Amino acid sequence: MAEPKEIGLSRVRDYMTPDPQTLDVRNTLLDAVLMLRRLELRHIPILEDSRLVGILTDRDVGRVAPSMLMGLSPQDYNRVFEDTSIAKVMTRNLHSTTPDAPL
């Protein structure tokens with residue numbers, strides 16, 4: 001990542017991740033959790049037809065994950081992650097910009 005030369009000239013590209021890891025809207029919550037943990041991420045951009053349609057955060061996952069105190073069997077607990085589509089959990093209506101936009 002390049003360091004900006006002057007404070008007033010910083011651009012989004014100076015701070016963005018150029019090729020972030022992404023998931024498709026058809027992936028499951030399990031796919032997302034595995035990616036979040038494996039790559040130590042907090043956010044995953046979600047694509048549909050190669051177009052940004054949402055973002056999934058670790059907070060989104062925490063919001064829908066069942067509590068272990070609910071008394072679910074391990075199979076039922078895992079099924080929540082296996083059967084839940086990212087589309088049901090992700091945050092939509094994002095504001096996006098271009099790499100050349102001023103920071």
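Here are four short exercises on this structure, which is a predicted model, each with a worked solution.

**Exercise 1: Confidence**

Find out which element has the lowest mean pLDDT and which has the highest.

*Solution.* Start with the whole protein chain: its mean pLDDT is 91, and 92% of its residues reach 70 or more. Now go element by element. α3 comes out lowest, with a mean of 92, while β1 comes out highest, with 98. Keep this habit for any model: where pLDDT is low, the predicted coordinates shouldn't be read in detail.

**Exercise 2: The sheet**

Work out the strand order of the open sheet and how its strands pair.

*Solution.* Step one is the order. The sheet has three strands, arranged β1-β2-β3, and its pairing is mixed. β1 (23–24) and β3 are the edge strands, since each pairs on one side only.

Step two is the direction of each pair. In general, strands of a sheet pair through backbone hydrogen bonds, either parallel or antiparallel. Here β1 and β2 are parallel, with two bridges between them. On that side, L23 has I46 in β2 as its bridge partner, and D24 sits opposite L47 in β2. β2 and β3, on the other hand, run antiparallel and are joined by six bridges. P45, for example, is partnered with I55 in β3.

Step three is the turn. The hairpin of β2 and β3 has two residues between the strands, and D49 has a positive phi there, near 55°.

**Exercise 3: An aromatic pair**

Decide whether the rings of Y77 and F81 are stacked, edge-to-face or tilted.

*Solution.* You need two numbers, as a pair of aromatic rings is described by the distance of the centres and the angle of the planes. First, the distance: the centres of the Y77 and F81 rings are 5.3 Å apart, and the cut-off for a pair is within 6.5 Å. Next, the angle: the planes stand at 55°. Stacked needs under 30 degrees and edge-to-face needs over 60, so this pair is tilted. The count of aromatic pairs comes to one.

Now place the pair in the fold. Y77 and F81 are four residues apart in helix α3 (residues 74–83), so about one helical turn separates them. What about burial? Y77 has 21% relative accessibility, which makes it partly exposed. F81 has 9%, which makes it buried. The cut-off for buried is under 20%.

**Exercise 4: The largest pocket**

Describe what lines the largest pocket.

*Solution.* Begin with its volume, about 650 Å³. Then look at the lining: there are 20 residues, and M16, T17, P20, P45 and L52 lie nearest the centre. Which strands help? β2 (43–48) and β3 (51–57) each supply at least two lining residues, and β3 gives the most, with three. Finally, sort the lining by class: twelve residues are nonpolar, eight are polar and none is charged.

How values were computed: Residues are numbered from 1 along each chain as its sequence is written. This is a predicted model: local features need pLDDT of at least 70, side-chain atom pairs count only at pLDDT 80 or more; totals for chains, interfaces and linings use all residues. Side-chain values use heavy atoms; hydrogens and water are left out. Rings of Phe, Tyr and Trp (its six-membered ring) pair if their centres lie within 6.5 Å; planes under 30 degrees apart count as stacked, over 60 as edge-to-face and the rest as tilted. Buried means under 20% relative accessible area, exposed over 50%, partly exposed in between (1.4 Å probe, protein chains only). On a 1 Å grid over the protein atoms alone, a cavity is a set of points where a 1.4 Å probe fits but cannot get out, and a pocket is an open set with protein on both sides within 12 Å along at least five of seven lines; lining residues have an atom within 4 Å of a point. Grid points are joined across faces, edges and corners, and a volume is the space filled by probe spheres set on the points. Ala, Val, Leu, Ile, Met, Phe, Trp, Tyr, Cys and Pro count as nonpolar, Asp, Glu, Lys and Arg as charged, and the others, Gly among them, as polar. Two strands pair if DSSP finds at least two bridges between them. pLDDT is the predictor's confidence in each residue, from 0 to 100.
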